[in-house]
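Let's take a walk through this protein together, from the surface to the inside and back out again. Have the sequence and the 3D view handy as we go.

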Amino acid sequence: AAMASHGVLTRDVRDTAAFLDVLSASWPGDAFRLPPPRASFLAACDSPPPTLRVGVLTTPVIVDDAPVDQACLDAVAATATLLDRLGHRIEPAPVPFASDRWPSFEAIWAVLTLLHPVPEESEDLLVPLTRWLREKGRAVSGLDYARAAAGMQEATRLAARAWERFDVILSPTLARLPARVGELRDDGDPAADFLAQCKYTPWTSVWNLTGWPAISLPLHRAEAGGTSLPV
């Protein structure tokens, strides 16, 4: 349950496609393999896609009461309008599963922080949030972890059924404009720090859990404090 996959930061989609041609190659020992694409991802950039069924999701998923900046909603609306003009079918998408399913997956997040060995005498060099997660991970039993993994698979099936009629889901990446460095950090209360991060990204964890492909595109800009920020 790695809950993440490799990607790259690029200036445009064509560069992303070129890198994907390299990163998507199978490696000896891979537990799962997909059939290779009919052509390269880069070549696909020159072929207009067929009409896509686009599901629009702006309701937070993993934290029900996460506040959402209007700029993030405006970005989704503008993107949906653009896709509609390009001939794609736009429909509202339902929330894939209830937010009360999310806490069970924290067991996996916490255990994963223990995969990187840290000498006991160096634990105090970690930020409080990391120490807090590692401590939670040490308290997770084998049964707890197995139940969380099974719950992750069940959530994936729920999402697959809820979004079966869509080719792609369009949502905000963040629930608010980009935060300043350290703005979400709360060393005095790591649990509050973790919750603040969940509220900041109440959609992206769906893709961590399901393992489905995703991309974040800065298709909109908004003014904040005299600065133009990407959305």
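Let's start on the surface of this predicted model, where Val 8, Phe 19, Leu 20, Val 22 and Leu 23 make up a nonpolar patch. Taken together, these five side chains' residues offer about 410 Å² of accessible area. Pick out Leu 23, which sits in helix H1, a run covering residues 13-23. Its relative accessible area is 40%, and that makes Leu 23 partly exposed, because the label covers whatever falls between the buried limit of under 20% and the exposed limit of over 50%.

Now let's head inside. The largest nonpolar core has 29 residues, and the members touching the most others are Leu 57, Val 61, Trp 102, Trp 163, Ile 169 and Leu 209. Several helices feed into this core with at least two residues each: H4 (106-112), H5 (128-138), H6 (142-162), H7 (190-200) and H8 (205-210). The largest share comes from H6, with 4 residues.

Which residues does Leu 57 contact, once its neighbours within four places in sequence are set aside? One group runs through Ala 93, Pro 94, Val 95 and Pro 96, and the list goes on with Trp 163, Ile 169, Leu 170, Ser 171, Pro 172 and Trp 203. Two of these names, Trp 163 and Ile 169, also appeared above among the core members with the most contacts to other members. Apart from this big core lies another one, of 5 residues, including Val 56, Val 76, Ala 80 and Leu 170.

Charged side chains come next. How many salt bridges turn up in the whole structure? A search finds 9. One of them pairs Asp 46 with Arg 14, at 3.1 Å from N to O. This pair links distant parts of the chain, 32 residues apart: Arg 14 belongs to helix H1, while Asp 46 is in the loop between helix H2 (41-44) and strand E1 (53-56). Is Asp 46 buried or exposed? With a relative accessibility of 55%, Asp 46 counts as exposed, whereas Arg 14, at 37%, counts as partly exposed.

Another salt bridge brings together Glu 91 and Arg 165, at 3.2 Å from N to O. Glu 91 is part of strand E2 (residues 89-92) and Arg 165 is in the loop between H6 and strand E3 (168-170), so this bridge ties together parts that are 74 residues apart in sequence. Both partners are partly exposed: Glu 91 has a relative accessible area of 29%, and Arg 165 comes in at 41%.

Next, look for Glu 183 and Arg 176, whose side chains meet in a salt bridge of 2.6 Å, again N to O. Glu 183 is partly exposed at 41% relative accessibility, and Arg 176 gets that label too, at 26%. Salt bridges can also share partners, and here they join Glu 123, Arg 134, Glu 135 and Arg 138 into one network.

Our last stop is Ser 104, in the loop between E2 and H4. Its relative accessible area is 38%, so Ser 104 is partly exposed. How many Å separate the C-alpha atoms of Ser 104 and Gln 70? The answer is 30 Å, for two residues that are 34 residues apart along the chain.

How values were computed: Residues are numbered from 1 along each chain as its sequence is written. This is a predicted model: local features need pLDDT of at least 70, side-chain atom pairs count only at pLDDT 80 or more; totals for chains, interfaces and linings use all residues. Side-chain values use heavy atoms; hydrogens and water are left out. Patches are made of residues with over 30% relative accessible area and no salt bridge: like charges are joined within 9 Å, nonpolar side chains (Val, Leu, Ile, Met, Phe, Trp, Tyr) within 5 Å. Accessible areas come from the Shrake-Rupley method with a 1.4 Å probe; for residues, only the protein chains shown count as cover. A salt bridge is a side-chain nitrogen of Lys or Arg within 4 Å of a carboxyl oxygen of Asp or Glu. Buried means under 20% relative accessible area, exposed over 50%, partly exposed in between (1.4 Å probe, protein chains only). A nonpolar core is a set of buried Ala, Val, Leu, Ile, Met, Phe, Trp, Tyr and Cys residues joined through side-chain atoms within 4.5 Å. Contact means heavy atoms within 4.5 Å.
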